[in-house]
Amino acid sequence: MRPWPDESGPVDRPAEQRFGRAPTSSLPDDAAPGLRWLDARLPVISAFRREYVDYPMPHNLNGLWNFGAFVTVTLLVLLLSGIFLAVNYTATVTQAFASVEAIDRQVPSGWLVRSIHMGGVSMYFAALYVHIWRGLYYGSYKAPREVLWLTGMVLLAMTMVAAFAGYVLPWGQMSYWGLTVAAHALGSIPLVGAPLGDWLLGGGSPGDVALHRIYVLHFVMAFATIGIVVLHVLALHVTGSNNPLGVEIRSPRDTIPFHPYYTAKDGVGLALFALAFAVLVFFLPGWLTLPDNYLEANPLSTPADITPEWYFAPFYAILRAGGGLGVPLSAASLAVLFALPWLDGSPVRSARFRPVYRWLLPLAALSFGFLGVAGFHQPAGWWLLLSRVATAYWLLHFLVLLPLLARIEPRPALPESIS
Ligand code: HEM
């Protein structure tokens, strides 16, 4: 048994701090006494100050560093609007569609909350994709930020599950048939796939049990995301932010405090982002969603083409282009992003100083974008052929070209510091 720490023994803190001394706050002396009292007992205010007020940031971050804040705020908007939707939604096959119609037509401001929630998902994914491509361009996934990158990838996967589950809830045609396609895809995974698909559906075809489970999955994933965001930001604050030059900060001269400089920059960015969000919600509420989902689910009528929402389209195109290998290929296309910090061994971070990578990354972006368009077309003829080429390039880029470039790409001299 561990002995009670003796005052002369090896302990973390001096005895007078552990026993019988009034707790102290590290807030400045001129802070409000009430705040100092609270902070001495629960040091969240000084932690906030350290991490979000005085926190040293590189002084050269461009607008692409605003997108993490955009994703965070959109996540909060989604959670809040989701709670309001949940109080009016009924997760049964006979009532789900009607309850969503009632939210749109009868619940006061229900149309607004639903439009914010639906538009919010698109804004969230748009910001998230920019956030990820920023990381790819500036090499933010490289050491020592591997765990930061991995927590980000976990967030992407969780977001995808939450968004997919959410899309099933209105129980429209695309909800039903999308779920059917996904359950079949799941079933094709060896060993675990079939039992998992059966468990999710609770039987042979989607019904009440499936809808109920997917409802639970939707909000559990959505709220659990907050916990992982906390880990993500914790990991970020261990290493500090990368920057457009990809060179670590070396002295206080390279930094400025988070507040007021980046609070102001994020504030302006958020105002513009909110403007785009408002245009989507008020002027183009149906622009990014498929009209088929305004038809109630009908198990006897299969739509001519089952298409996903735009943010899933690249992965869906890979699923369909891969034929019998569709599921492993689309899983691999995501898995390469998880493994990226170990696939790209080049010590140079920013693409600005990588003469070959700078040209290959746009090709990967082109492949991803093309697959996004192909996801809305039948997998036949040119669409199928080019989807296969794009999938091949995507995998080749990460699995072959990046490890190869680490060895052969010329390395121009890097700047001494960001100043
Ligand atoms: C719910 C989703 C996410 C939220 C709320 C979120 C939030 C944030 C925030 C607030 C920052 C600091 C500001 C910034 O650098 O833009 C950040 C940085 C970062 N995030 Fe995320 N993030 C999310 C998903 C992801 C994903 C999917 C990835 C990629 C796998 C990722 C990778 C990174 C990286 C590498 C950084 C540091 C960037 C740098 O300093 O260059 N994040 N994130």
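The following paragraphs lead through the metal site of this structure and then through its salt bridges. The model is a predicted one.

The iron atom of the ligand offers a starting point. Two histidines of the chain coordinate this iron atom through their NE2 atoms, H131 and H232, at 2.0 to 2.1 Å. H131 belongs to helix α6 (residues 110-138) and H232 to helix α10 (residues 208-239), so that the pair, 101 residues apart, links distant parts of the chain. What is the arrangement of the 6 donor atoms around the iron atom? The arrangement is octahedral, because these donor atoms subtend angles of 83 to 179°. Buried means under 20% relative accessible area. H131, with 18%, is therefore buried, and H232, with 16%, is buried as well.

Attention now turns to the charged side chains. The count of salt bridges comes to 11. One of them joins R145 and E248, with 3.2 Å from N to O. This pair also links distant parts of the chain, the two residues being 103 residues apart. R145 counts as buried, at 1% relative accessibility, whereas E248, at 26%, counts as partly exposed.

Another salt bridge lies within a single helix. R105 and E101 meet at 3.2 Å, N to O, and both residues lie in helix α5 (residues 96-105), 4 residues apart, or about one turn of the helix. R105 is exposed, at 65% relative accessibility, while E101 is partly exposed, at 23%.

D54 and R49 form a further salt bridge, their closest N and O atoms being 3.8 Å apart. D54 is partly exposed, at 45%, and R49 is partly exposed, at 33%. Finally, salt bridges link K142, D344, R354 and E409 in a network.

Terms used: Residues are numbered from 1 along each chain as its sequence is written. This is a predicted model: local features need pLDDT of at least 70, side-chain atom pairs count only at pLDDT 80 or more; totals for chains, interfaces and linings use all residues. Side-chain values use heavy atoms; hydrogens and water are left out. Donors are N, O and S atoms within 2.8 Å of the metal (3.2 Å for Na, K and Ca); water is not among the atoms, so sites may look incomplete. Four donors count as tetrahedral if all angles lie between 85 and 135 degrees; four count as square planar and six as octahedral if opposite donors are over 155 degrees apart and all others between 65 and 115; anything else is irregular. Buried means under 20% relative accessible area, exposed over 50%, partly exposed in between (1.4 Å probe, protein chains only). A salt bridge is a side-chain nitrogen of Lys or Arg within 4 Å of a carboxyl oxygen of Asp or Glu.
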